[in-house]
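Dear colleague,

I am passing on the structure we spoke about, with the sequence alongside. Please look it over before reading the notes underneath.

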Amino acid sequence: MELSSYVAALRADLAAAAAAGGEASRQAADLLATALEPAVRLVLMDAIADAAAEVTTALDDVTVDVRLRGREPELVVAVADRPPSEPPPSPDAEEGTARVTLRLPETVKTNVEAAAASHGISVNTWVLRAVTRELDPPTTRRAGRRTLTGYARG
């Protein structure tokens, strides 16, 4: 998503407002616009991230992330293999449950926690879904994760 056009529009609006005040006002507005550009970009990225979070919350099986590519944000839409609202498979009543100790590299653990949080579920539920999905026979396994990358225009 190209932010430069939005920053330029804000700069033009500021310059137009300052034009009524004479040359000193125009110079002050230009200096102010230059100084504010990084803050404006940050505020715009925060707004985009908030919008992505709202969309993610509203849609059960879709996650919208904002990634930076250089200085520009990029919206990435991921469709989950299974909707987050779908409960994990429950064990047979007679089967019960078992406790497993799993050792993971710290980076993998962090990624698992982030993935679970992005779906609004516990780490245990996320791991259970991943293991169950992997154990499904290939003929019934759902298609792999699809990622759509693009831009949103307002």
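What follows is a description of the fold as a whole, then of two of its helices and their contacts, and then of a few single residues.

Please keep in mind throughout that this is a predicted model. The protein has 154 residues, of which 22% are buried, and its secondary structure comes to four helices and three strands. Going along the sequence, these elements are arranged in the pattern α-α-β-β-α-α-β. If one takes the contacts between residues at least 6 apart in sequence, 57% of them join residues at least 24 apart.

Helix α2 covers residues 23-58, and at 1.5 Å a residue its 36 residues should span 52 Å, which agrees with the 49 Å that separates its end C-alpha atoms. Helix α2 nevertheless has a bend of about 45 degrees at leucine 36, and a proline, proline 38, follows within four residues of that point. The buried residues of α2 are Ala29, Ala33, Val40, Arg41, Met45, Ile48, Ala52 and Thr56. As for what these buried residues of α2 pack against, the partners are α1 (4-19), β1 (62-69), β2 (72-79) and α3. When you look at how the buried positions are spaced, it may help to recall that an α-helix has 3.6 residues a turn, so residues three or four places apart point the same way.

Alanine 28 also belongs to helix α2, but it is partly exposed, with a relative accessible area of 44%. The C-alpha atom of alanine 28 is 8.2 Å from that of alanine 18, a residue 10 places away along the chain.

How do helices α3 and α4 cross? Their axes, for α3 (residues 106-119) and α4 (residues 123-135), come within 9 Å and cross at roughly 100 degrees, and the two helices are therefore roughly perpendicular to each other. On the side of α3 the contact is made by Val112, Glu113, Ala115 and Ala116, which meet Val123, Trp126 and Val127 in α4. Sorted by class, this contact of α3 with α4 has six nonpolar residues, no polar residues and one charged residue.

Turning to the strands, I looked at two residues of β1 and one of β2. Valine 62 is in strand β1 and counts as buried, because its relative accessibility is 14% and the limit for buried is under 20%. Leaving aside residues up to four places away in sequence, valine 62 touches Thr56, Val77, Ala78 and Val79. Threonine 63 lies in strand β1 as well, and with a relative accessible area of 7% it is buried. With the same neighbours in sequence left out, threonine 63 touches Thr56, Val76, Val77, Ala78 and His119. Thr56, which appears in the contacts of valine 62 and in those of threonine 63, is one of the buried residues of α2.

Val77 likewise appears in the contacts of valine 62 and of threonine 63. Valine 77 lies in strand β2 and is partly exposed, with a relative accessible area of 25%. From C-alpha to C-alpha, valine 77 is 6.8 Å from valine 62, the two being 15 residues apart in sequence. Valine 77 and valine 64 are 13 residues apart along the chain, and their C-alpha atoms are separated by 4.5 Å.

With best regards

How values were computed
Residues numbered from 1 in each chain as written. Predicted model: local features only at pLDDT ≥ 70, side-chain atom pairs only at ≥ 80, totals over all residues. Heavy atoms only, no water. Axes fitted to C-alpha atoms, helices over the stretch in contact; angles between N-to-C directions. Parallel < 35°, antiparallel > 145°, perpendicular 65-115°, else oblique. Contact = heavy atoms within 4.5 Å. Nonpolar A, V, L, I, M, F, W, Y, C, P; charged D, E, K, R; others polar. Expected span 1.5 Å × (residues − 1). Bend = angle between axes of the 7 residues up to and from the residue. Buried < 20%, exposed > 50% of the residue type's maximum accessible area, 1.4 Å probe, protein only.
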